[in-house]
Amino acid sequence: MALFLLLLLAAVALGITGAVVSGLLYLLIIGAVVFLADMVFLGTQLRHSGRRPVR
């Protein structure tokens, strides 16, 4: 869960920096990609944590 929060914080920081600073639109795009990767990571973690192995 700490990795999820760290990636989320990095995505937000990159997105805000890319949106505010002129000429750094690529940081906004990188922030969006990191955010999407973070959501995929969260989805896989939630899907695998709900299953219990059959004995």
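The exchange below concerns the reasoning behind several descriptions of this predicted model.

Me: What makes the protein chain differ from a compact globule of 55 residues?

Reply: The comparison rests on the radius of gyration. A compact globule of 55 residues would have a value near 10 Å, but the protein chain has 15 Å. The dimensions of the C-alpha trace can be set beside this: along the principal axes, the trace spans about 60 × 15 × 10 Å. Buried residues make up 13% of the 55 residues. The accessible surface comes to about 4500 Å², and 74% of that surface belongs to carbon and sulfur atoms.

Me: Which secondary structure elements does the protein chain have?

Reply: The protein chain has two helices and zero strands. Helix 1 covers residues 2-20.

Me: How do you know that the span of helix 1 agrees with its number of residues?

Reply: The expected span is 1.5 Å times one less than the number of residues. For the 19 residues of helix 1 this gives 27 Å, and the end C-alpha atoms are 27 Å apart, so the two values agree.

Me: Why is G15 called buried?

Reply: A residue counts as buried under 20% relative accessible area. G15 has 13% relative accessibility, and therefore counts as buried. This residue is found in helix 1. Its C-alpha atom is separated by 9.6 Å from that of V34, 19 residues apart along the chain.

Me: How do you know that the buried residues of helix 1 are on the same side?

Reply: The buried residues of helix 1 are F4, A11, G15 and G18. They cover an arc of only 70° around the axis, which puts them on the same side of helix 1. An α-helix has 3.6 residues a turn, so residues three or four places apart point the same way. On the other side of helix 1, the exposed residues are A2, L6, L9, I16 and V20.

Me: Why is V20 called exposed?

Reply: The term exposed requires over 50% relative accessible area. V20 has 65%, and is therefore exposed. V20 also contributes, with V12, I16 and V21, to a nonpolar surface patch of about 350 Å².

Me: Why are L5 and A10 called partly exposed?

Reply: Partly exposed residues fall between the buried limit of 20% and the exposed limit of 50%. L5 has a relative accessible area of 49%, so the term partly exposed applies to L5. A10, with 32%, is therefore partly exposed as well. L5 lies in helix 1, and A10 has its place in helix 1 too.

Me: How far apart in space are L5 and V34, and A10 and H48?

Reply: L5 and V34 are 29 residues apart along the chain, and their C-alpha atoms are separated by 12 Å. For A10 and H48, the separation is 38 residues in sequence and 24 Å in space, C-alpha to C-alpha.

Terms used: Residues numbered from 1 in each chain as written. Predicted model: local features only at pLDDT ≥ 70, side-chain atom pairs only at ≥ 80, totals over all residues. Heavy atoms only, no water. Patch = residues over 30% accessible without salt bridge, like charges linked within 9 Å, V, L, I, M, F, W, Y side chains within 5 Å. Areas by Shrake-Rupley, 256 points an atom, 1.4 Å probe, with all protein chains shown as cover. Salt bridge = Lys/Arg side-chain N within 4 Å of Asp/Glu carboxyl O. Helix = DSSP H or I, 4+ residues; strand = E, 2+ residues; numbered from the N terminus. Buried < 20%, exposed > 50% of the residue type's maximum accessible area, 1.4 Å probe, protein only. Rg over C-alpha atoms; globule rule 2.2 N^0.38 Å. Arc of directions from axis to C-beta.
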